[in-house]
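Work through these exercises with the model open beside you. Try each task before you read its solution.

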Amino acid sequence: MFSTCDIDRHDTDILILGTGGAGMFAALHAMQTAPEGTKVTIAVKGLIGKCGCTRMVQGGYNVALGNGDSVERHFMDTIEGGKWLPDQDMAWRLCEQAVVRIRELENEIGCFFDRNADGSLHQKAFAGQTADRTVHKGDLTGIEIINRLMEQVLSRPVEKLQEHRAIGLIPTKDGSALAGVLMIDMRTGKFRFVRAKTVLMATGGGPTMYKYHTPSGDKTMDGLAMALRAGLPLRDMEMVQFHPTGLLAGDHTRMTGTVLEEGLRGAGGQLVNHAGQRFMFDYDAKGERATRDVVSRGIYAEMRKNNNPDQEGVFISMAHLGPENVVKKFKGMVKRCADCGFDLAGGLVEVVPTAHYFMGGVVVDVDTRTAMEGLYVAGEDAGGAHGSNRLGGNGVANSTVYGGIAGDVMGADIRGMGALRDPDETVLEAELTRACHPLTRDPALVLPLRKQLQEAMWDDVGVMRTEAGLNHGLKRIAEISEELMEVGVAADSLAFNLTWHDWLNMRSLCDISEVITKAALARNNSRGAHYREDFPEPGAMIDSYFTVAQQKGDTVEVTREDVKFTIVKPGETILPDGEPDTLVAAQ
Amino acid sequence: MHVAEHGSVMNVTVQRGSADTPTRTETFDVPAYDNQTVLDVVSWIQQNADPTLTYRFACRVGMCGSCAMMVNGVPRWTCRTHVSKVLDGNKINIAPLRNLPVIKDLAADMDPFFDKWVAAEGKHHPTRTREEEIAPVDPQAEERQAASAGIECINCSICYSACDTVTGNPDYLGPAALQRAWTLYNDAKDADRDAILDAVSGKGGCHNCHSMGSCTAYCPNELDPLSAIAGLKRATTRRFFGRRG
Amino acid sequence: MKVARAHPLWLAYILHRVSGIALALFLPLHFWVLSLALTDAARLDSFLTLTEMPLVKLAEFGLVFLLAVHLFGGLRLLAMEWLPWTAPQKTWAAAAVAGSLFVSGTFFLQAI
Amino acid sequence: MLDMRLYMAQRLSALVMAPFVIVHIGVMIYAIQGGLTAAEILGRTQGSLFWFLFYGIFVVAVSIHAAIGLRVILFEWAGLKGVALSVISWGIGLVLFAMGANAVWAVTA
Ligand SMILES: Cc1cc2nc3c(=O)[nH]c(=O)nc-3n(C[C@H](O)[C@H](O)[C@H](O)COP(=O)(O)OP(=O)(O)OC[C@H]3O[C@@H](n4cnc5c(N)ncnc54)[C@H](O)[C@@H]3O)c2cc1C
Ligand code: HEM
Ligand code: SF4
Ligand code: F3S
Ligand code: FES
């Protein structure tokens, strides 16, 4: 098949994987801080700025900009939202730097954010926030942020490797540092190994191994799977956030799973079950306005009660608010539904909880450094900032803040680094063989296995979990994983061969599904996004632990580590005495 | 969900080929479902009938602008185009976006489109730094409204593919890039309006537009590059006669 | 591959272009005929009598029509480019142009 | 193709022509009442400075305008470019101007 001699070898100084908020900011900052003449390269699975989830951000960007709100308050909301599991230093830095980053976005990058009548930034409150904090551009905030970043990146002398998929982190022979990244030039189907002094991994996680999921199609946990194989520790891997209202339109359409925005419920949208009855008040006093995890579990429970394969989901109903009002207020959403054949304003639209965001990720320090020299991780690939739950609006803040930090840190670190490092050729060869594996088997369809994996994760490792279910899930994942190794892809035309990449996507998803399941087994309580029916209590906050998964030989081992309360202890607050609990007027 | 009419199939013709293989078409029978977009049809072919078919998508909800193709001769965002809207009898014809080089099958090379975006000075020229406060902007101000009109462009290149001037004139910057320039020109925060007008006054600039309006007619986000380009013509003309905009 | 172009602005564009080409092709002929006045006034006259023939009349009408179409099309373009008109103003302008075209058209038909 | 200069030249020549065309059409309508004769035309125009300037400016404008217009079309539709395009469009402009000048001279001198 291929040998390592067929690999195109390529060198750069700073290599960035991914062009979401994290990757783009890293590129811009690296060019500002690195010594003159430093070569910066971006490699991305899609087109620059046109893939990943930062672009899909609707609601907005959390940042405390005064008017009563403070970095302290943002921090406390983040810690409490994460049920005391966040790494407090990371969460603090997120909240503190978001203030700088939003000014950078508006002043230097040129973003348009919505204004109040007096000209100041308009801010609103997502569920779980105690202040009007979310800066936005209509409900298309991500497009604005990414388009503006993309222009800045495209107009600078960055080397662009578009439609290049990273498939392996290749260490040096002694394993002490990262030498470079092996990738596939998807357009030609050829392998390319890029050496770099520093590499930022910003491939954005993406829990797309669930039957219903929101992230963009290019995200398939490649980064975390590479990190796992490279032996790096991964934390909070059981923490998969479900958005309560994903569109349900059948399993033959890619629309299924895409988000119906949070604001629909905020504005008074009602959820009704198969029998046409509202049910959320059976689960929570706030009804449809409860937090994402609570509403997701409510819907899931109703679905399970009904248990009818022909009518799986529940319905969101807006008509009582007056169809014309709904059209006016949610123009984009109504149009999107209409394009797909649904009447959001006047009819019922079937919805299900949908996997949205991955809180888990590589263990990093507050400077985005990892345990491996030369490797940095930022954005959704990095674990720690959100703990067990990410607040709406903290996702894009996290990726832009830490992407920028990664760029700064890499730009500085590179000054102390000598020559490029040489790769361990045996690892390089092993990664190559791994990617070529399906080319040596008889061609078969990949899709049925992807569906099976998505069913398994949804049934057994989904919104509500039990030990028995998780063990069952683990077995199913292992079977699917094994079967995948027998599914081949025709090797005659590898140029832009999506089916080969579907296979590689499945490989990453299977590997990380196993880790999610094992981490979920290791947590015997229920916190945030992780809900164990057999352990419904959260446990004492002061005894909080997080899970750490690591590849040891052939198996993935999960351990628990105590959360260090470096800034604030459970039951305490850093808000000044006499500060009100919330500044948001009750709806 | 259920099959629209049980067992009904569509007859889908797809353009194949790449830079080094000749262009040809192939036809597939694809099962029809109730909720089905053109992207689903293309995906079905790749996932079930011909694993070598190449196309591009990411967000699947009309946000990333990477799934546009020619559907029955019209450029469209395929992830947001319901099959029933384009079905011609039971036939659909799908080809890669016009006016761009083809990489393979349905995936076009979008680099020229973005090169022109940059060439039109389609990027912010800062007046402030991250150390400074965010400037107040009156949302009702006329300039801000003009800038806002084109801000939601997802750079899908549909307008670029619809425009016959682009076809005939490879230098022409095209509607999306020029609309971006107009947006920036109206942005009170932008420091270099002259650079923008210079960039759109050259060989491939706004003056090549014949106002044929296909850009505005086909933009899936209902934006209006035609009027934005007219704005640039006005601004450059005003400058030509020595008046500042 | 056909490209859908059936919308009013595109049709206006193509009409403007075709009328422009036709005018440009007709112009040298027109100049040549007139210059006959210098060399051979009699031939000019014999040419001018041709204008009595219905076919030539029709062609002439066509040319004047093209000139009118091109003129109004061109003024429309100039207005669109240089006058910061709002959508309703544009509609009124279009209506005015249509009206004047109608009036001048009838006038022509009367004249020839 | 069309940069600022060519664009302005084409638009300005068009603006100049607009009133001329209207007057020209008007005169034609008036003139053809009752048939056209060479003598009639010449009787009106010959020796008139006004008509000389009128048609003279008209010819200059139309040569510029049509040459630029055809230049665009030759580029977009016939793929002509570079020197060939410049030579041909200058040629069109000059030929139109020469023929036009000749005609104006013929009827007004
Ligand atoms: C529908 C939706 C709505 C959201 N709304 C909000 C919101 O309102 N507020 C909020 O704060 N957060 C929101 N989020 C979350 C937010 O989008 C993410 O937290 C954040 O954007 C992640 O940024 P990132 O840079 O880490 O990753 P991404 O932006 O996802 O970028 C990942 C990049 O890596 C590339 N990549 C992946 N694999 C590879 C590989 N193998 N090789 C090379 N490149 C690769 C991808 O193509 C992509 O370019 C939302 C998410 C979704 C899906
Ligand atoms: C009467 C006044 C006239 C006006 C207001 C006018 C206006 C215009 C304008 C604005 C254009 C630019 C079109 C574009 O770029 O899309 C144009 C193009 C053109 N004009 Fe005229 N014009 C006039 C008379 C003439 C005459 C008399 C001729 C014939 C010789 C002519 C020939 C052309 C040609 C060939 C084009 C190019 C068409 C194209 O690019 O599609 N015009 N005209
Ligand atoms: S203007 Fe419209 S059609 Fe053109 S790139 Fe932007 S969104 Fe697409
Ligand atoms: S279609 Fe093309 S010619 Fe101008 S008005 Fe739009 S850019
Ligand atoms: S897939 Fe993103 S716009 Fe269609």
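Two residues are in contact here when heavy atoms lie within 4.5 Å. Keep in mind that this is a predicted model.

**Exercise 1.** Find how many residues each chain gives to the contact, and what area is buried between chain B and chain A.

*Solution.* Start with the residues. Chain B gives 69 residues and chain A gives 74 residues. Next, take the area. About 6100 Å² is buried between the two chains, and carbon and sulfur atoms give 54% of it. Now look at single residues in chain B. Arg60(B), Met63(B) and Arg130(B) lose the most area to chain A, together 15% of what that side buries.

**Exercise 2.** Count the salt bridges and the polar contacts between the chains, then describe the bridge made by Glu104(A).

*Solution.* There are seven salt bridges between chain B and chain A. In one of these, Glu104(A) pairs with Arg130(B). Their closest N and O atoms are 3.4 Å apart, and the cut-off is 4 Å, so the pair counts. For polar contacts, the rule finds 46 residue pairs across the interface, both residues at pLDDT 80 or more. Which element of chain B gives the most to this side? α1(B) does, with six residues. By class, the side has 31 nonpolar, 17 polar and 21 charged residues.

**Exercise 3.** List the buried residues of helix α9 of chain A and say what covers them.

*Solution.* The helix spans residues 331-339. Its buried residues are Met333(A), Val334(A), Arg336(A), Cys337(A) and Asp339(A). The cover includes α6 and α8 of chain A, together with β4 and α2 of chain B. Finally, step past the helix. Gly341(A) follows α9(A), with a positive phi near 95 degrees.

How values were computed. Residues numbered from 1 in each chain as written. Chains lettered and ligands numbered in written order. Predicted model: local features only at pLDDT ≥ 70, side-chain atom pairs only at ≥ 80, totals over all residues. Heavy atoms only, no water. Buried area = accessible area lost by both parts, 1.4 Å probe. Salt bridge = Lys/Arg side-chain N within 4 Å of Asp/Glu carboxyl O. Polar contact = N/O pair within 3.5 Å; in protein donor to acceptor, adjacent residues only side chain to side chain. Helix = DSSP H or I, 4+ residues; strand = E, 2+ residues; numbered from the N terminus. Nonpolar A, V, L, I, M, F, W, Y, C, P; charged D, E, K, R; others polar. Buried < 20%, exposed > 50% of the residue type's maximum accessible area, 1.4 Å probe, protein only.
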